[in-house]
Amino acid sequence: MVEGLERCERAWRGYMALGDDERIGRVTQTVAQMLVQTGEVTRAQHLYQEAVRLLPTDRTPVARLSALTGLANVQVLIGDFRGARGTIAQAHEVLTQTDAMRPRAYLLAVEADLHRLTGDHAAHLKALEELRAIVETTRDFELLTWTATQMADLHSRQGQHARALEVLLDLAPDATHPAVTMTRGVLLRRRQHHAQAAEHLTRALESQTLGEGQRVRALLHLAEAQSGLGQTDESLRTFREALTALIAARDRMLYRPDLHELANLVQRALLDPDLAPDTQLVLEKLNVPGSETPVSGALHLRVHTLGRSEIERGGETITLSLEGGVLTLVYLALNPGRTRRELEATLYPDRDPKTAGDYFRAVFRELRVRLGAEVLTMEGSAKQPRYSLGPDVHVHLDVTELRAALASGDLARALALYRGPFLPGLRMESEWAEEVREELRLLLTMEVRTRASQAREEGDQRRALLLTNEFLRIDPYDLPMLEARVEIAREVAPPQELARYVVELHRMKP
């Protein structure tokens, strides 16, 4: 690669001297492509932009299309998603000037990556389906393999596990390819088959032909599979190896969905004093918010209430115009069989009976329109029906998962789930919502406080400091914990960090 890059740069300088813009543009694009491979993405971006300027659409549509595709790819890698969308739009205009299938396929691959990273599941699937139609015609081995693994991964994320495996084995040209083996391991892990997942992922990692990006993904999912098998030390060692690669990687943005999905694993690393600094560094660079685990079924809903108010169906976010919609859905998931009067009195006590009744009917109607008529059912008399979720509706609720994690002593998972107060920003005065909000905060802070005290008693001051910071993330105004953090930091924190804690303490003192 180094020798090839040197030769291309010599040719580039020669064409620059000749003033041949078209050839300069072509070589500029080649140099940029090689720089991406060596990790010099900033320089590659500048060169791609120059190549686009030099290559006209009318005489060199394929070359210009390749340059635009390369530029969009770099923009995706550095997280410039808005820029990537604009570049892809330009590339689609060039597509009207050529019937070449391979450049079209590479553009669709970049477009699919953009949609994957931005969470646009429908557009992601559309791009992959268009790509599949091309690669099944061209039979390009690498593109076939890439498309097969990407489509399988998307279907698996959406809970369509059988379809994911079917696509993977039907489309991939070589079922023994290490990328296919790695993807099978990921699919198995998502179905909680941890031992088989670990076997496939380990086999893929042993292959000398597994790409670096696939190796990082394999390590991340292997670490989660090992955790599922109770192999805590092995899991953290594997995660450390993945973390080392992520710190050095220029394409780390591509792994954001995996870190998002593996939030429990990430949270365990954040509670490990040796892994926490590097883990936090990577998360800050990627702005990873939390967990995402789509599931399968007739109507499966994932409802996020901690730090946000959001409903997901099949990996797609469903927007409701009435804030009482999520509140009502959550309440019925936890308290089925309630009458309308009970719902109104509990959820909308600040409204008079007529206004509350009108509002509830509007909420009921919107839930059925946006989520499906089967989402809510009525039983009992016509005058006093009792409302519940439909029998085929399965709601995965972060509140329930948080309580289960605390009950089982899995603090890392509880902290990963808790992204903020229950239904924040709720304008209506719901006493029930306030009780749940306070209950969850108390349960979690009590557990974190206990663990921090244990760590101090055992002499593990670094872990105690991490736990204290987690406590203050949940309750930043707790004066005893602010004081305790300063005491611990005097022993183990660097001066700059200690100074920040002291300032925060003094700011809170009366």
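Colleague: Happy to look at this predicted model with you! How many Å does α10 reach from its first C-alpha to its last?

Modeller: Let's start from the expectation: α10 has 13 residues, and at 1.5 Å a residue 18 Å is expected. The reach in the model is close to that figure, at 19 Å.

Colleague: Is α10 mostly covered or mostly open, and which elements are involved?

Modeller: In α10, 12 of the 13 residues are buried, so by the cut-off of under 20% relative accessible area the helix is mostly covered. Among the buried residues are Pro 178, Met 182, Leu 187 and Arg 190. What covers them includes α8, α9, α11, α12 and α14.

Colleague: Which residue just after α10 takes a positive phi?

Modeller: Helix α10 covers residues 178–190. Just after this helix, a positive phi of about 70° is taken by Gln 192.

Colleague: Nice. What span should α3 have, and how far apart are its end C-alpha atoms?

Modeller: α3 has 14 residues, so at 1.5 Å a residue the helix should span 20 Å. Its buried residues include Val 41, Ala 44, Leu 47 and Tyr 48. The expected span agrees with the distance between the end C-alpha atoms, which is 20 Å.

Colleague: Let's turn to the largest pocket. Which residues are the closest to its centre?

Modeller: The largest pocket has a volume of about 1700 Å³. Both α3 and α10 are among the helices that each supply at least two residues of its lining. Of the 45 lining residues, the closest to the centre are Gln 37, Asn 73, Asp 113, Trp 146 and Leu 254.

Colleague: How many residues of each class does that lining have?

Modeller: The lining mixes three classes. Charged residues number nine and polar ones 17, while the nonpolar count is 19.

Colleague: And the largest nonpolar core: which helix gives the most to it?

Modeller: This core holds 66 residues, and Leu 327, Val 375, Phe 422, Trp 432 and Leu 444 touch the most other members. The leading contribution is eight residues, and they come from residues 431–457, helix α22.

Colleague: How many residues are in the other core that lies apart from the largest one?

Modeller: In soluble globular proteins, nonpolar side chains tend to be buried together. Here, the other core includes Leu 68, Leu 95, Val 216 and Leu 262. Its residues number 57.

Colleague: Last one: what percentage of the protein chain do buried residues make up?

Modeller: The chain has 25 helices and seven strands, and its C-alpha trace spans about 80 × 65 × 45 Å along the principal axes. Of its 510 residues, the buried ones make up 52%.

Definitions and conventions:
Residues are numbered from 1 along each chain as its sequence is written. Side-chain values use heavy atoms; hydrogens and water are left out. On a 1 Å grid over the protein atoms alone, a cavity is a set of points where a 1.4 Å probe fits but cannot get out, and a pocket is an open set with protein on both sides within 12 Å along at least five of seven lines; lining residues have an atom within 4 Å of a point. Grid points are joined across faces, edges and corners, and a volume is the space filled by probe spheres set on the points. Helices (H or I, at least four residues) and strands (E, at least two) are DSSP runs, numbered from the N terminus. Ala, Val, Leu, Ile, Met, Phe, Trp, Tyr, Cys and Pro count as nonpolar, Asp, Glu, Lys and Arg as charged, and the others, Gly among them, as polar. A nonpolar core is a set of buried Ala, Val, Leu, Ile, Met, Phe, Trp, Tyr and Cys residues joined through side-chain atoms within 4.5 Å. Buried means under 20% relative accessible area, exposed over 50%, partly exposed in between (1.4 Å probe, protein chains only). The expected span of a helix is 1.5 Å times one less than its number of residues. Contact means heavy atoms within 4.5 Å.
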